[in-house]
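Please examine the following model together with its bound ligand and its cysteines.

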Amino acid sequence: MSAMLGLLSVALLTATPVWLATLGETLTQRTGVINLGVEGQMLVGAAAGFAATYLSGNPWLGLLAGALAGMALSCLHALLCLVLGVNQIASGLAVLFLGNGLSSFYGTTLVDKQITGFHSLTHSAAARWPVVGQFIAELTPSVYLAFALWLACAVLLLRTQAGLVWRASGESADALRMLGKSPARWRLAGILVGGLFTGLAGAALSVDYTRTWVAQMTAGRGLLAVGLVIVARWNPWLALPVALIYGLAEALALRLQSLGMNVSPYLLGTLPYLVPLIVLLLSYRASRRRGAMPQELSGVFRGMA
Amino acid sequence: MQLELVSVTKRFGQTLANDAVSLFIGAGEVLALLGENGAGKSTLMKCLYGYYRMDSGQILLDGRAVSIASPRDAMRLGIGMVFQQFSLIPALTVRENLLLAYPQAPAWHGRANSAAILRLLGEFAPDIAADTPVAELSVGQKQQVELVKVLNQQARLVILDEPTSVLAPEEAQRLHGIIRQLAATGRSVVIITHKLEDVRACAQRVAVMRGGRLAAEVKETGVDERRLVELMVGTADVAPAVAVLPQSGITRLELRKLSCRGEALNLRGIDLQIAAGEILGVAGVSGNGQDLLADAVSGLAALDEGEVLLDGELLQGPVTRHPDDPRLGYIPEYPLKNAVAAEMSNSLNLALRGLARDPLFPDRQRRWSRAEDLMEAYDVRPRDPGLASGRLSGGNLQKLVIARELSQPRRAVVACYPTMGLDLQAARAVYEALFRQAEEGAAILWISEDLDDLLSYAHRIAVLYHGRVAGVLPAAQADRTHLGQLMAGGRLS
Ligand SMILES: Nc1ncnc2c1ncn2[C@@H]1O[C@H](COP(=O)(O)OP(=O)(O)OP(=O)(O)O)[C@@H](O)[C@H]1O
Ligand SMILES: [Mg+2]
């Protein structure tokens, strides 16, 4: 396998949790709600997913449990900002800290536990395919799952009637109301689906990528995903390339570290966060000109639900 | 479809917007609903459309009582409405906007299966491509898409809330044609309007509202214009009382080779001179650079080249800009968006000019009482300085902006569609305030779509076409045909 493909497969593995979280937050924001609690939802998903895998021995069950846990926590955001009318920024931060605290508290018993993740594909038939065989076999089921969800979401959002109403509720709640539709209902769906995806993202991280549980193991990936939504200009298709930028930077940092570069690992660790930031800066002007932001998001600071 | 509103009452807090209004709308009939700003026309129709829930009253459809609790119910019963503020989503394409409102929209959006949705678009607006984002359409085109959207819902009663207040004359005529066509196919139309042209062109019956009540109902045929005006605003005398003569010789406002880049098109090489006391009208089909011209002169848009001089002094240039110069009054287009902070109080909005020169702790008491005085003088209703300006009706908001911009003497005034959406009396008040400034020696740059008003009140008329001045004519020598030619990009013969 060529070095390039090797780097790409590592990047994809690394990027998958961020990819899923970016996708989830994109879906949420397209209904006109911002959820800063992604990090908390990922942590809860990671802890629940790891625990379920540990107890059942089935990593698929782990992913499911993680996704459901993320969605459960996102209900809090829905309650606070859709029902009680709390400012979305404040509500999102509450979710973030609650998720962080809950996962750390209940996760203490999970530390140092061992799980068996997905079976490796390296000895399957696919691995013997020419050129791409090795590459395909390197990837894990959560990458394929993310790929399927990514395709499905983008197509549903951009090519169906339900997706159209979904986007419309992020563009103009008033227009939707004039048609006799309830924007709040679509926003609830947006928050819950976002919770589901980010919980899954957390589980993918703990069950499939690191296969361990450590408190605060997401290390800012959730907040990064919120930023990447902007880099991707709220376009679900762009969630993959944008997450890949992060993945490549992370893969590069790991490679440099293993080559024994004489740079502090802490500084190298900022690389995956710095690179998307630079991309954001470069793409900022373009995104402003094309007005890609769902218009209802500008109401966030007015305290509107 | 016959429809009858029986004793509809709707209250907003203290305001009684509709007071036991009963109204009949016959099948295939075009009913014009007239009345001054804040009379309750929009509210009544929004109750019928289920957007507001009426406090009491009944709706009879073909003699049968129906309950309309939401726009969804109204659509199901065949009632469609085009709102005063458009309800299209700018970021979506025409096709998507139509799909969004289509009752049996296909779950999957393929190329092939939107043919039914686009059929009426092809019929009423063949020049609009289905995949254009709505943001790129002109106002008139948006209106047509709105109408197609409503017709797509199989509407048998179409309510149009001030559809022509934003349209250029030809676009309005086209809409009149469409309305007559709708009536001919048995559909009923209610058109809310302030323009007598609309009544003349397509209405069969006229209902007039005043102060939340139905003031009169007349057949269109045979009622004379003065009587209609009188019914609408209580007096037939609506021509502005101020007549000004320009003080020739003194050039007050001068635009020299002004070029400016805009989102849709650029202004190039605009040369205009306005004398003290002169009213220069600017005509043109909307979207030919009018708003950009106004922004450039008042210093909100950056100039690429050229300059704006006031009394020979540099006011705006590529390097210097004075957007809040006290010598300049500015009434922008769409006051809700461009002239006020909608969430803030009337008292603050009235104090916005010169805010940067205010002390750190301004005298709130004085601000408040000044607001009270201004609102009294310019008849802004309700007279509440503490109310958020976004809550005012369109006409009253415009009066608020006029009060702020024209209550002090100015050297120059830029007015962009200052009477858009105003009733005749309110329009008269705006013109008087504007012309009084001219009388006191201000140079007036007045952008309008109303050719008749321009021809009656402006001293000279400049026509804007594709960001250039296509020609300047003294009003006495201009007529509609002349101007129409220039507006369409033709040359003077
Ligand atoms: N949502 C609202 N909340 C509070 N007051 C309102 C609301 N909508 C309308 N009003 C008030 O009800 C009255 C009637 O308003 P409405 O918009 O129906 O007038 P209109 O006849 O359509 O006037 P215009 O010609 O200016 O559009 C006004 O006094 C207005 O201030
Ligand atoms: Mg109205």
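The dialogue below concerns a predicted model and treats the ligand shell and then the cysteines.

Student: Which helix or strand gives the most residues to the shell around ligand 1?

Tutor: Two elements of chain B, β2 (15-25) and α1 (41-48), each supply at least two residues of this shell. With three residues, the element that gives the most is α1(B).

Student: How many polar residues does the shell around ligand 1 have?

Tutor: The shell comprises 17 residues, and the closest include G38(B), G40(B) and S42(B). By class, four are nonpolar and three are charged, while the number of polar residues is ten.

Student: What percentage of the accessible area of ligand 1 does the protein cover?

Tutor: Oxygen atoms of ligand 1 have polar partners in the protein: a backbone atom of G40(B) at 2.9 Å, a side-chain atom of H194(B) at 3.1 Å and a side-chain atom of E162(B) at 3.2 Å. On its own, ligand 1 has 640 Å² of accessible area, and the share covered by the protein is 81%.

Student: How many disulfides are there over all chains?

Tutor: A disulfide requires two cysteine sulfur atoms within 2.5 Å. Over all chains, the count is zero. For C153(A), the nearest cysteine sulfur, in C75(A), is 18 Å away. The absence of a disulfide there thus agrees with the overall count of zero.

Student: Why is C260(B) too far from the closest cysteine sulfur for a bond?

Tutor: C260(B) is buried, with a relative accessible area of 1%. The closest cysteine sulfur belongs to C416(B), and a bond is excluded because the distance between the two sulfurs is 13 Å.

Note on methods
Residues are numbered from 1 along each chain as its sequence is written. Chains are lettered from A and ligands numbered from 1 in the order in which they are written. This is a predicted model: local features need pLDDT of at least 70, side-chain atom pairs count only at pLDDT 80 or more; totals for chains, interfaces and linings use all residues. Side-chain values use heavy atoms; hydrogens and water are left out. A residue is near a molecule or strand if one of its heavy atoms lies within 4 Å of it. A polar contact is a pair of N or O atoms within 3.5 Å; within protein, one must be able to donate a hydrogen and the other to accept it, and residues adjacent in sequence count only if both atoms are side-chain atoms. Accessible areas come from the Shrake-Rupley method with a 1.4 Å probe; for residues, only the protein chains shown count as cover. Helices (H or I, at least four residues) and strands (E, at least two) are DSSP runs, numbered from the N terminus. Ala, Val, Leu, Ile, Met, Phe, Trp, Tyr, Cys and Pro count as nonpolar, Asp, Glu, Lys and Arg as charged, and the others, Gly among them, as polar. Buried means under 20% relative accessible area, exposed over 50%, partly exposed in between (1.4 Å probe, protein chains only).
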